[in-house]
Amino acid sequence: MNQRHTRRPAPRPPEGTPAPAELARMARSQLAGAARVARWADIALGPGGDAATTGDKATLAEATAERAAEELGLTTAQVRADWDTSRLAGLIEVHGDTARPGWRLRAWNRDDSAVLRGWVALFDAWSLAHPEPAEHGPAGVAEVVSAMPQVLSFLQLSAGPVPVAQLLDLLEQRVIELRTERCEIPYGPQPEPAPAPLPAEHDDTSLAPLLDWALHALASVGALTCGDGHATLTPLGNWAVWVKLEQICVAAQSPAGNIEQGAEDMLRGCAQLRPNAARAEYRAWLAARTVGGAVTELLAAARGEDALLRGLAFEALRVVGAPAEPDVRSVADEPALRPYALLWLAEHDGIDPEDAHEVLTREEATWLWVDTAAAVADHGEAPMLVRHLESALQPTVPALLDEVRAVGHPRTVQVLVALAAAHPDPALAKAVRRAAFQVHTGGS
């Protein structure tokens, strides 16, 4: 029997939440400087132009920063700050010593959802957007970063200004809970544990500066405002925290009219469909076009900056089958498409899809893992990203992080920041966050 599954309607945002178009306008305003520098880099740092970065690091080269400052009428400090923001928001991607615009920048003026996803990516990376207190060690900083989601949730539920002193009490309690959760429980009967006191080095006088840092970092990305001893979420921050609390699952919509769309829009329309329904849409779309033209369109979509479309394009090419082989084989030398092309060719040659991944080198497989994670981070939910971690080839998280950093995928920082924000294990999230910081700063 064919049964129609009833989908739960998406929860409504709290009363008073601005409409998506207004939220996107706010996000565009918050990221205006970053978008400006990204557009400048798109024009000024093309192939054959000045080097965008110093060596293999992500920091902007001094000469390039000075040139941008002169042409944009900014200080070099402003250019560097906007450069870092544009990278964290996915508006620009660095490849070696060159830069190119991310797909969000291409969609900046026409796609509100791309703008909001860019701002949420910056929101997730708030701890990288503002220098942390030099007098505090990485362990204390990591604890505060791990505890801040609960502080933000409290701010969101309070729906108004909250005294910073009250947030400090909440932060202290959450840090104690995190330390308690990390304790190993030995086997066998144990005496009732005494309440875990907050160590002296983590009392009010040490956590207060860290809370101040966290609040100012979140203010710097536009998530909240601070003043008169109170903190208040901005409309953008309130909306983002609510989205994360609710873990909204957007109901799949009928892709009516996909047959008339270009490849990119068709693939986006099919993104929420079940595999069988998506394949039916691919067949209908392909039937209305010549094979050569359809394959060319699909490969063009795969070359874009949206990793989700890259994977979907090759799913559509599987429906094309043998006629697509010459074109797929011809793109196997393009780094971003190579893993997808090799898997497609292996399956076309009769290798079981379950075993097709064996044709990839370790580096190619890791690149594909990061690319898929980027698609999940952009279009999926936090639990999906956590589950994706389990699919990695590497036996341990440290080994995975080492290979992810070495492979040089342009979305590495965004993927690691999103994974750290999503993962419930504080220790693992801390390690992933540290790796993101090292990639972001070009450190080791």
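**Exercise 1. In which helix do Trp-119 and Phe-123 lie, and how many residues apart are they? Classify the ring pair.**

Solution.
Step 1. In this predicted model, helix H6 (residues 112-124) holds both Trp-119 and Phe-123. The two residues are 4 residues apart, about one turn of the helix.
Step 2. The structure holds 3 aromatic pairs. For Trp-119 and Phe-123, the ring centres are 5.4 Å apart and the planes stand at 15 degrees, so the pair is stacked. The cut-off for a stacked pair is planes under 30 degrees apart.
Step 3. Trp-119 and Phe-123 are both buried.

**Exercise 2. Classify the ring pair of Phe-314 and Tyr-340, and state which helices the pair ties together.**

Solution.
Step 1. The ring centres of Phe-314 and Tyr-340 lie 5.6 Å apart, with planes at 25 degrees, so this pair is stacked.
Step 2. Phe-314 belongs to helix H14 (residues 307-320) and Tyr-340 to helix H16, so the pair ties together parts that are 26 residues apart in sequence.
Step 3. Phe-314 has 0% relative accessibility and therefore counts as buried. Tyr-340, at 8%, counts as buried.

**Exercise 3. Which parts of the chain does the salt bridge of Arg-268 and Asp-306 link, and are its two residues buried or exposed?**

Solution.
Step 1. The structure holds 20 salt bridges. In one of them, the side chains of Arg-268 and Asp-306 meet at 2.8 Å, N to O.
Step 2. Arg-268 lies in helix H11 (residues 263-270), while Asp-306 lies in the loop between helix H13 (291-302) and H14. The pair links distant parts of the chain, 38 residues apart.
Step 3. Arg-268 is partly exposed at 29% relative accessibility, whereas Asp-306 is buried, with a relative accessible area of 3%.

**Exercise 4. Describe the salt bridge of Glu-364 and Arg-338, then that of Glu-297 and Arg-289.**

Solution.
Step 1. The closest N and O atoms of Glu-364 and Arg-338 are 2.6 Å apart. Glu-364 is in helix H17 and Arg-338 in helix H16, so the pair ties together parts that are 26 residues apart in sequence.
Step 2. Glu-364 is buried, with a relative accessible area of 13%; Arg-338 is partly exposed, at 28% relative accessibility.
Step 3. The side chains of Glu-297 and Arg-289 form a salt bridge at 3.9 Å, N to O. The cut-off for a salt bridge is 4 Å.
Step 4. Glu-297 is partly exposed at 31%, and Arg-289 is partly exposed at 22%.

**Exercise 5. Locate Ala-159 and Asp-228, and explain what is notable about phi in each.**

Solution.
Step 1. Most residues other than glycine have a negative phi.
Step 2. Ala-159 has a phi near 55 degrees, a positive value in a residue other than glycine. Asp-228 likewise has a positive phi, near 55 degrees.
Step 3. Ala-159 is in the loop between helix H7 (138-158) and strand E3 (162-163), and is exposed with a relative accessible area of 67%.
Step 4. Asp-228 is in the loop between strand E4 (224-227) and strand E5 (230-233), and counts as exposed at 78% relative accessibility.

**Exercise 6. Which residues gather in the patch of negative charge on the surface, and where is the place of Glu-354?**

Solution.
Step 1. The patch gathers Asp-352, Glu-354, Asp-355 and Glu-358.
Step 2. Glu-354 sits in the loop between helix H16 (338-348) and helix H17 (362-379).
Step 3. With 62% relative accessibility, Glu-354 counts as exposed, the cut-off being over 50%.

How values were computed
Residues are numbered from 1 along each chain as its sequence is written. This is a predicted model: local features need pLDDT of at least 70, side-chain atom pairs count only at pLDDT 80 or more; totals for chains, interfaces and linings use all residues. Side-chain values use heavy atoms; hydrogens and water are left out. Patches are made of residues with over 30% relative accessible area and no salt bridge: like charges are joined within 9 Å, nonpolar side chains (Val, Leu, Ile, Met, Phe, Trp, Tyr) within 5 Å. Accessible areas come from the Shrake-Rupley method with a 1.4 Å probe; for residues, only the protein chains shown count as cover. Lys and Arg count as positive and Asp and Glu as negative; His and the chain ends are not counted. The place of a charge is taken as NZ of Lys, CZ of Arg, CG of Asp or CD of Glu. Buried means under 20% relative accessible area, exposed over 50%, partly exposed in between (1.4 Å probe, protein chains only). Rings of Phe, Tyr and Trp (its six-membered ring) pair if their centres lie within 6.5 Å; planes under 30 degrees apart count as stacked, over 60 as edge-to-face and the rest as tilted.
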